[in-house]
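Here is a small set of exercises with worked solutions. Keep the structure in view, try each task yourself, and then read on.

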Amino acid sequence: MSYCPASSSSSSSTKAWIVHGILAGAAAVAVAIGARSYRGRSRKFRSRVIGIIPARYASSRFEGKPLVNILGKPMIQRTWERSKLATTLDHVVVATDDERIAKCCDEFGAAVIMTSESCRNGAERCSEALEKLGKEYDIVVNIQGDEPLVEPEIIDGIVMALQAAPDAVFSTAVTSLKPEDAFDPNRVKCVVDNRGYAIYFSRGLIPFNKSGKVNMQFPYMLHLGIQSYDAKFLKIYPQLEPTPLQLEEDLEQLKVLENGFKMKVIKVNHEAHGVDTPEDVGKIESFMRERNLS
């Protein structure tokens with residue numbers, strides 16, 4: 001049995017929205033039951049934490065990205081080494097569907113869990129890895145493998161945010177968006193409410209004003225990608241049907257919001273250096289040389 005269902009094609013048609021509306025009533029009942037169960041265990045402190053780094057070889061934008069060399073080390077190794085510095089993580093593993101990545105991780109000492117090729121996103125890969133680990137954890141941190149300079153303090157921050165918000169099943173981090181990244185679809189934007197819970201994520205600029213231009217005075221927020229989940233919620237995440245907004249934006253966190261679950265967001269001061277394309281490798285190497293980061 002595969003824990004990662006086969007991929008569904010995206011559709012933004014009117015029909016898709018109508019069907020979604022018809023199903024929403026039944027889905028709302030299941031979501032309400034699930035939400036009540038989360039509230040029911042809110043008094044239990046989520047103490048056992050595992051960090052999982054999803055890594056796949058196939059990528060339309062950058063094939064073999066986890067193995068790209070960054071100043072003498074594979075990117076997946078740099079991410080793993082930085083993650084190990086987080087004080088809230090009891091264990092760190094790499095979840096992959098590719099033997100080349102697994103072999104590389106074995107060489108530098110990382111624990112590896114082999115997962116299915118059919119996982120549609122990092123959350124589903126983390127969910128399968130959690131099942132295969134066979135150990136009990138309260139929180140699972142999904143650490144982006146393409147952030148080789150991930151800050152351990154941010155990992156600790158989102159873990160503590162989820163521990164402090166028993167009504168949330170998900171937590172993540174944002175930082176200030178650079179004006180030059182405003183219309184870059186690879187830079188995901190986020191808006192939150194005044195209690196620090198996520199309202200929406202988008203590849204487009206949000207909020208979007210009537211002038212259609214970047215407002216240099218507005219504090220736009222960039223989603224950093226790193227996120228943590230309540231472990232019990234993560235186990236049911238793959239069973240939730242893909243949602244219209246998730247499919248249209250191709251953002252896994254939107255399925256969480258569309259199903260009525262809460263997501264806690266922390267704001268951090270961080271200069272994001274994700275590797276989305278081959279051109280980003282040179283940029284991050286230059287940044288590391290300038291700051292003597294080995």
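**Exercise 1. Find out how confident the predictor is along the chain.**

Start with residues 38-43: their pLDDT (the predictor's confidence in each residue, from 0 to 100) stays under 50. For this stretch the model has ten contacts beyond four places in sequence, where contact means heavy atoms within 4.5 Å.

Next, take the whole protein chain: its mean pLDDT is 85, and 84% of its residues reach 70 or more. Over residues 1-36, however, the value is below 50, and this stretch has 35 contacts in the model beyond near neighbours in sequence.

Two notes on conventions will help with the rest. This is a predicted model, in which local features need pLDDT of at least 70, side-chain atom pairs count only at pLDDT 80 or more, and totals for chains, interfaces and linings use all residues. Residues are numbered from 1 along each chain as its sequence is written, and side-chain values use heavy atoms, with hydrogens and water left out.

**Exercise 2. Describe the protein chain as a whole.**

First, the secondary structure: there are nine helices and eleven strands, taken as DSSP runs numbered from the N terminus (helices H or I, at least four residues; strands E, at least two).

Second, burial: 52% of the 294 residues count as buried, that is, under 20% relative accessible area with a 1.4 Å probe, protein chains only.

Third, the contacts: among those between residues at least 6 apart in sequence, 71% join residues at least 24 apart.

**Exercise 3. Work out the surroundings of Ser83.**

Begin with its place: Ser83 belongs to helix H2, which covers residues 75-83. Then check exposure: Ser83 counts as buried because its relative accessibility is 0%.

Now look for a polar partner. A polar atom of the Ser83 side chain lies 2.8 Å from the backbone oxygen of Thr79.

Finally, set aside neighbours within four places in sequence: Ser83 is then in contact with Ile53, Leu89, Val92, Ile143, Val150 and Ile155.

**Exercise 4. How many disulfides are there?**

Apply the rule: a disulfide is a pair of cysteine sulfur atoms within 2.5 Å. The count comes to zero. Cys104 is in no disulfide, and its nearest cysteine sulfur, that of Cys105, is 5.5 Å away. Cys105 is likewise in no disulfide, with the sulfur of Cys104 as the nearest, 5.5 Å away.

To finish, check burial: Cys104 counts as buried because its relative accessibility is 12%, and Cys105 counts as buried at 0%.

Technical notes: Buried means under 20% relative accessible area, exposed over 50%, partly exposed in between (1.4 Å probe, protein chains only). A polar contact is a pair of N or O atoms within 3.5 Å; within protein, one must be able to donate a hydrogen and the other to accept it, and residues adjacent in sequence count only if both atoms are side-chain atoms.
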